[in-house]
Amino acid sequence: MRVIVIGAGDVGRHIATTLSAERHDVTIVDQDAERVEALRNELDALVVAGNGASPKVLADLGAAEADLVCGVTQSDEANIIAALAGHQIGAKRTVARVRDADYFGGDESYATHVLGIDFVVHPERATAEDLAEAIILPGAVHAEHFGDGRISIAESILTSRSPLVGRQLGERRMVRPNFIFGLIRDGRAVAAEPFHVLKRGDHVLVAAAREHIGEVVGHLAGRMPTGRDVIVFGAGRIGLPLSRRLEGQDGVRVTVMESNPDRARFAAERLARGNVVLEEGVEKDVLLAHGVDRARAFVACAGDDRANLLAAMHAKQLGADLCLAVVSREEFTPLVDALGIDAAFSPRLVTAEAILRSVRGGNVRAMYLLLGGAEVLEVQAEPGCRAEGRTVKDAGKRAHTRVAALVRDGKVIIPHGEERVQGGDRMVIFNAIRGVADVGSTFGAS
Amino acid sequence: MRARRPGGLGTSVNWQLVVPVVGGTLGAVGLGMAVCALTAVVAGDGAGVAFAAPTAVALALGVFALASARRLRSIPFRARDGFLAVTLAWFAAAVAGAVPFLLHGSFERPVDAFFESMSGFTTTGATLLGRVEAEPHAILLWRSLTQWMGGVGIVVLVVAIAPATGMATNRVFYAETSGMAAQRLTPRIADTAKILWGIYVAFTVAGFVAFAAAGMGPFDAANHILTTIATGGFSTRTASIAAFDSLAIELVTIVFMVLGGINFALYWRALRGADSLRPQLPELRAYVVLLVVATAVVTLSLVASDTAIGAGDALRDSAFTVVSITTSTGFITADFEEWNSFGQLVMLMLMFIGACAGSTAGGMKVIRVLLLGKAAAQEIERQVRPTTVQVLRVGGRVFSEDVRKGVVSFFSIYMLIFAAGTVVMAAIGVDGTTAVSSVIASLNIIGPGLGEVGATENYTAIPSGGLWFLSALMLAGRLEVFTVLVLLTPAFWRRSVA
């Protein structure tokens, strides 16, 4: 596959690295000559200095034969123009990262059908969605839905409240059909085995039918977070859509802290019920004054990673039930666990995930990247594929993956390992180590 | 460096805006008088002479002013020029409107004629005529026409019919119309003015047909729709609408009073689709709720306190009176002075609240009252939670902090004028009830009040000083206070004002 990535920022580099590692032909363009020079040495890709939004540059780079043109510069406008130009020149697929909701807020069909941009990624909005899921589904820090929303995959952090801590995975009681297929321990993802003894701080990955996931996660996590107050620290591009989403939920009362008066007013005018306070909010006494100690969740999503980590750490120490932080820079992620913060969310990762998900196309339908370098994805077993007729366990092994759940004829099956794969099954599979090549050869049409 | 403003006559006033606006207004008044002169000729009632001379003079001044405006343009106009031009235009209209009353002999004293004329143009509806029926058709029609011209706004009319005069149309438009109405509908103000007047004329025609169908003669129907849609309240009968004693006529009156009390921009937006309508809906909803609840409450209190009145009659009387008072029309079917004090006080409250901004009605306007309530609640909350960012919001529509300040200061000034006005009226020598209610009825441009200016009375009991004062209150009330008040500040007349 020939890929042109425009913009060598965090996201661009991440996508280029991942795709290059998967042996795709990657060209990456950036206007910053120094950055380009530095990248030449670290990336197995064609690194070019130039304006990627220029149709001439794109044509010179061979956009006409490209399978994917991907606009991920800092500028929404440049990304949109690059995608438009790529589409015009003849690229098979175009993707643009757009941060400003004013462009295609809520209506991507305009971008797709009128402008011809195949995929628009809204990093902040997608991050806000993920955060909202983590808050609405108590006990889980992430929840993703697969198989047209029938299967839910939840990532849950074990706290001392969890009845599972200190036990072997094989001896736990089951309330509803579910499958703990993976663990993230010390920042590394592993496939869960019955002999694993669970520890506090483990991230447990569990699959269940969507209608059961709440109960399953509740059982894993022990006591549910209580209270109705959710405190959102920062009313920025993530905080505002998150608050808007949350205030529509029953039994949730949102308080937004924002230190910039203009932004605070902007947010207050756009929230129907949520309460916006003009506060710096990093200090403990301020957090306490707004009831952080009784909060069901505290979300730090201001623009500054350090402030987010600090605020979330304070909130955790003060007794907030669930503390989430948005951390954009990868080098800060190790701090998340060290500070006792329940989970970190990265818009960069969300963007890369969305774009990579769209790249894989074919039989990979949906994907979810984990912070630990693992991924969960959805594939359809094509009729006549190599896995057909084999047991789920065997098929998973062949592909160096694990099948977490599958949907067959509209019904969710949580496999015990002995079910046999049939053509047309939609399977949710877990890769502890990223790399999708085997999946295609196992489940794809032969 | 302070450049001397061109076109001035030694003051900082920009006469190049003021002259055409005042002249254009006089021209419009002249057109109205011409209609009355024709009516006098057709009816042969002998009042034509009273209209001939003022018509000629007003039209001549109008043509002259507009013609002079055509030559003088490209001068920067400022908000203050608009305030002065509009206030002077209304004053000039009232003066010109008084002339036929004097010439015909309806009134002997100039103050009486001026009061009647000002009460007409401001759509107040307070009258000094003891026996309305005694007046000739032309004079009756003139009273109705003053109200009709004042209803949507006489300067708006000038802007609509003479937009190409190089006037700073938006300055005068905003000085006359309600600051709360967000009325600009089109890129050009002149087009907006045309739309507003177009809607107004359409309602007038529809109302004429409705009144005629309800059993009024053509002359009565014409006069009553002119004063109903303008929410003015002048009638061709001394006893007002009660003289007809017809349920059908009362219902038609109620409908068109209610329509006149709605923001005229809303009708235009309704034609353009539901989406653009949404920001206007909270006020409309509150207006309808106010009318329904007030009617229900007053009906109940009438039935409870007066065993002689049937539930049906109580509903009929209270619905008509509530609508008439809330929309600041002032038509009468029942003497609310004979109601219990609860009913009377509800009426006084309704006078203050008024109808929707951007309508022909007076009062503080429903949207301001809603915003005041919200602002007060938020101020109380702010004592407890000082860092909360408060947003002034009514029914999903967000209002800026400027609006919050504006509404609060409007209310304070309104109340100050009311309090001071009451004292002035008492000093002039009227009794307490009359002083309070005449100020309320004039400032809110209602017409009838309580006491000596009650529903079945007129304003003849007020001394001449009081009539001048109440005329000024009517003008201030019609122009929503600020336009007139800024003229009274020293800063306005200081030349260095930027």
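1. A good place to begin is the open sheet of six strands in chain A, whose order is E3-E2-E1-E4-E5-E6 and whose pairing is parallel. Strands E3 (46-49) and E6 (119-121) of chain A stand at its edges with a single partner strand each, so one side of each has no neighbour in the sheet. From one strand to the next, the twist averages 15°. Please keep in mind while reading that this is a predicted model.

2. Within that sheet, have a look at strand E1 (residues 2-6) and strand E4 (residues 68-71) of chain A, which pair in the parallel sense over four bridges. If you would like a residue to click on, try A:Val5: its bridge partner in E4(A) is A:Cys70.

3. Which strands does helix H1 of chain A touch? Helix H1 (residues 10-21) packs on the sheet against E1, strand E2 (25-30), E4 and strand E5 (94-97) of chain A. The direction of H1 makes about 165° with that of E2(A). Helix H2 (residues 33-42) of chain A packs on the sheet too, touching E2 and E3 of chain A, and the direction of H2 makes about 165° with that of E3(A).

4. Now for chain A as a whole. Chain A has 16 helices and 22 strands. Its radius of gyration is 22 Å, close to the 22 Å that the globule rule gives for 446 residues, so chain A is as compact as a globular protein of that length. Taken along the principal axes, the box filled by the C-alpha atoms of chain A is roughly 60 × 60 × 40 Å.

5. A second sheet is worth some time, for it takes in strands from both chains. This open sheet of seven strands runs in the order E17(A)-E16(A)-E15(A)-E12(A)-E13(A)-E14(A)-E1(B), with mixed pairing. At the edges stand strand E17 (343-345) of chain A and E1 of chain B, each with a single partner strand, so one side of each is left without a neighbour in the sheet. At the E17(A) edge, strand E16 (residues 322-326) of chain A and E17(A) pair in the parallel sense over three bridges. There, A:Val326 stands opposite A:Phe345.

6. How do the two chains join at the other edge, and in what sense do E14(A) and strand E1 of chain B pair? The pairing of E14(A) with E1 (residues 388-389) of chain B is antiparallel, over two bridges. A:Val276 stands opposite B:Val389 in E1(B). Helix H10(A) lies across strand E13 (253-258) and E14 of chain A together with E1 of chain B, and runs at about 170° to E14(A).

7. The contact between the chains takes nine residues from chain A and five residues from chain B. On the side of chain A that touches chain B, the elements that give two or more residues are helix H10 (261-270) and strand E14 (275-278). The residues of that side divide into five nonpolar, one polar and three charged.

8. Turning to chain B, start with helix H16 (residues 401-428) and helix H18 (residues 464-478), whose axes come within 9 Å and cross at roughly 165°. That angle is over 145 degrees, which makes H16(B) roughly antiparallel to H18(B). The crossing of H16(B) past H18(B) is left-handed. Here B:Ile417, B:Gly421, B:Val424, B:Met425 and B:Ile428 in H16(B) meet B:Gly465, B:Gly466, B:Phe469, B:Leu473 and B:Ala476 in H18(B). By class, this contact has seven nonpolar, three polar and no charged residues.

9. Another pair in chain B is helix H3 (residues 79-104) and helix H5 (residues 137-152), packed at an angle of about 165° with their axes 11 Å apart. H3(B) and H5(B) are therefore roughly antiparallel to each other, and their crossing is left-handed. H3(B) brings B:Gly97, B:Pro100, B:Phe101 and B:His104 to the contact, while H5(B) brings B:Ile139, B:Trp142 and B:Thr146. The contact of H3(B) with H5(B) has four nonpolar, three polar and no charged residues.

10. Finally, helix H8 (residues 189-213) and helix H11 (residues 264-272) of chain B pack at an angle of about 90°, with their axes 9 Å apart. H8(B) and H11(B) are therefore roughly perpendicular to each other. B:Ile195, B:Leu196, B:Ile199 and B:Tyr200 in H8(B) meet B:Phe264, B:Tyr267 and B:Trp268 in H11(B). The classes in this contact are seven nonpolar, no polar and no charged residues.

Definitions and conventions: Residues numbered from 1 in each chain as written. Chains lettered and ligands numbered in written order. Predicted model: local features only at pLDDT ≥ 70, side-chain atom pairs only at ≥ 80, totals over all residues. Pairing = 2+ DSSP bridges. Axes fitted to C-alpha atoms, helices over the stretch in contact; angles between N-to-C directions. Contact = placed C-beta atoms within 7 Å. Nonpolar A, V, L, I, M, F, W, Y, C, P; charged D, E, K, R; others polar. Parallel < 35°, antiparallel > 145°, perpendicular 65-115°, else oblique. Left-handed = near helix turned anticlockwise from the far one by under 90°. Rg over C-alpha atoms; globule rule 2.2 N^0.38 Å.
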